[in-house]
Every structure is written in structure tokens, then in C-alpha cells.
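These are my notes on the model you sent, set out as numbered points. They begin with individual side chains and end with the chain as a whole.

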Amino acid sequence: NAIIARYGAPYRIHIELAREMGKSPEERMKIQRSQEDNRRDRERLEEEMREQFGRDPSGTDVLKYRLYREQNGQCAYSLQGIDLNRLFEPGYAEVDHIIPYSRCFDDGRPNQALVLASENQKKRNRTPFELFGHDEKHWAEYEAWVRSTIRDHNRRNNLLRRTLDEQEWKERSLTDTKYITR
């Protein structure tokens with residue numbers, strides 16, 4: 001309205017979008033199927049949790065349980081077993097950002113792992129490699145566990161990342177913003 005008041009009504013409006021982010025109908029259908037599969041999986045997990053734990057799970061509870069199952073009940077850093085009966089106990093097990101959120105702004109599932117709270121405190125604002133990559137024996141055991149256990153390609157890459165190019169993460173965020181605007 002301010003533009004119209006000052007310059008008059010525009011005769012044309014040109015909006016530029018990040019066209020390179022366009023998806024084909026097949027790609028959009030694949031994404032839609034994946035989202036539907038995730039929704040069904042979440043509903044199945046919620047029902048399973050109601051039966052097993054006798055209560056309605058929160059979103060965080062479902063995420064913890066999902067990660068617990070994906071990680072075969074082990075802490076992603078120490079590789080110690082996580083007691084399923086204590087999984088939802090405050091201060092016992094936590095969902096951690098593999099690449100610290102403050103360094104990458106990535107809150108997606110591929111950047112999340114279930115860890116014992118004590119391991120999360122040790123890790124602080126570091127990547128797993130920055131935490132214990134200097135210990136070759138521990139790193140070799142950890143790497144073998146990640147490769148044999150973690151099926152999600154992006155999560156596996158995050159867990160095994162040796163270097164962190166923060167500019168790469170900023171560019172990824174910009175790409176995500178372009179996609180959202182489209």
C-alpha cells in the first residue's frame with residue numbers, strides 16, 4: 001500500500017524464487033510417501049509405547065524410543081547399553097545434536113543421537129571426533145559400531161565426521177531457506 005500511495009499501482013510484479021530447488025512430480029511423490037511412512041511409523045511407535053509403558057508418550061519420548069531402537073539400545077558415544085526401563089527418567093538419557101546445534105543450526109533427525117546424559121556432558125560443544133578421535137582404539141571401535149548399526153546415511157556421516165566446515169553448514173541453511181521460500 002505504501003508503494004501504491006507513493007508510486008501508483010504497479011503494472012507488473014516480478015518475484016524471484018530459488019528455481020534450482022524445484023522438484024519433479026516423481027520427486028515430490030517420493031517425499032510425500034516418505035512423510036506418510038514416517039507418520040505411520042510414529043503412530044505405530046506411540047501405540048507400542050502405550051502398551052509397553054502404560055502412558056501416552058510425548059514427542060521427545062517417541063524420539064528417544066525411536067533412537068533407542070535404531071541404536072540397538074546403546075549410547076551413541078560410549079557404546080554402553082541404555083536401560084530401557086530408565087529411558088524416560090530425567091537426567092539419564094538425552095537426545096544430543098551430533099554436530100552441535102550452535103555450530104550448524106541443524107535440528108533434523110540425522111543430526112540427533114541418543115546418549116547417556118553423562119556422555120552428553122563430556123561432549124559439550126564438540127563433535128564425536130573432537131571428543132575422542134585422538135584415542136585411536138576408541139575411535140576404531142566407535143567407527144565399526146556406527147558402520148554396522150546406523151542405517152541412516154546422513155546420521156552415519158554426522159557421527160563419523162572428522163572435520164567441520166561451518167561455512168558448508170551456513171550454505172546448507174541458505175539452501176534450506178531457498179527451498180522453504182519456494
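1. D37 has a relative accessible area of 42%, so this residue of the predicted model falls in the partly exposed class. Its side chain meets that of R40 in a salt bridge, with 2.5 Å from N to O. The two residues both belong to helix α2 and lie three positions apart, which means that about one helical turn separates D37 from R40.

2. R40 has a second acidic partner in E36, and here the closest N and O atoms are 3.4 Å apart. The spacing in this case is four residues within helix α2, which runs over residues 25–53, and again about one helical turn lies between E36 and R40. Neither end of the pair is buried: E36 is partly exposed at 30% relative accessible area, and R40 is partly exposed at 43%.

3. Which residues does the helix α2 pair at E47 involve, and how far apart are they in sequence? E47 and R50 are three residues apart in helix α2, so about one helical turn separates them. Their side chains form a salt bridge with an N to O distance of 3.4 Å. E47 is partly exposed, with 40% relative accessibility, and R50 is partly exposed as well, with 32%. Elsewhere, shared partners link salt bridges into one network made up of E36, D37, R39, R40 and E43.

4. On the general point, side chains of opposite charge can pair when their charged atoms come close. For the protein chain, the count under the 4 Å rule is 20 salt bridges. The chain carries 34 positive and 33 negative charges, and the mean positions of the two sets are 4 Å apart.

5. Is M49 buried or exposed? M49 is buried, because its relative accessible area is 2% and the cut-off for this class is under 20%. The residue is found in helix α2. Setting aside neighbours within four places in sequence, M49 is in contact with G54, R55, P57, D61, V62, Y65 and F88. One of these, D61, is twelve residues from M49 along the chain, and the C-alpha atoms of the two are separated by 8.9 Å.

6. As for the fold, the protein chain contains nine helices and two strands. Their order along the sequence is α-α-α-β-α-β-α-α-α-α-α, with a helix between the two strands. Of the contacts with a separation of 6 or more, 56% are between residues 24 or more positions apart.

7. What radius of gyration does the protein chain have, and what would a compact globule of 182 residues have? The protein chain has 21 Å, whereas the compact globule would be near 16 Å. Along the principal axes, the C-alpha atoms fill a box of roughly 70 × 45 × 35 Å.

8. Buried residues account for 35% of the 182 residues in the protein chain. The accessible surface of the chain is about 12100 Å², and carbon and sulfur atoms contribute 48% of that area. M49 is one of the buried residues, while E36 in the same helix is partly exposed.

Technical notes
Residues numbered from 1 in each chain as written. Predicted model: local features only at pLDDT ≥ 70, side-chain atom pairs only at ≥ 80, totals over all residues. Heavy atoms only, no water. Rg over C-alpha atoms; globule rule 2.2 N^0.38 Å. Buried < 20%, exposed > 50% of the residue type's maximum accessible area, 1.4 Å probe, protein only. Contact = heavy atoms within 4.5 Å. Areas by Shrake-Rupley, 256 points an atom, 1.4 Å probe, with all protein chains shown as cover. Lys, Arg positive; Asp, Glu negative; His and termini not counted. Charge placed at Lys NZ, Arg CZ, Asp CG, Glu CD.
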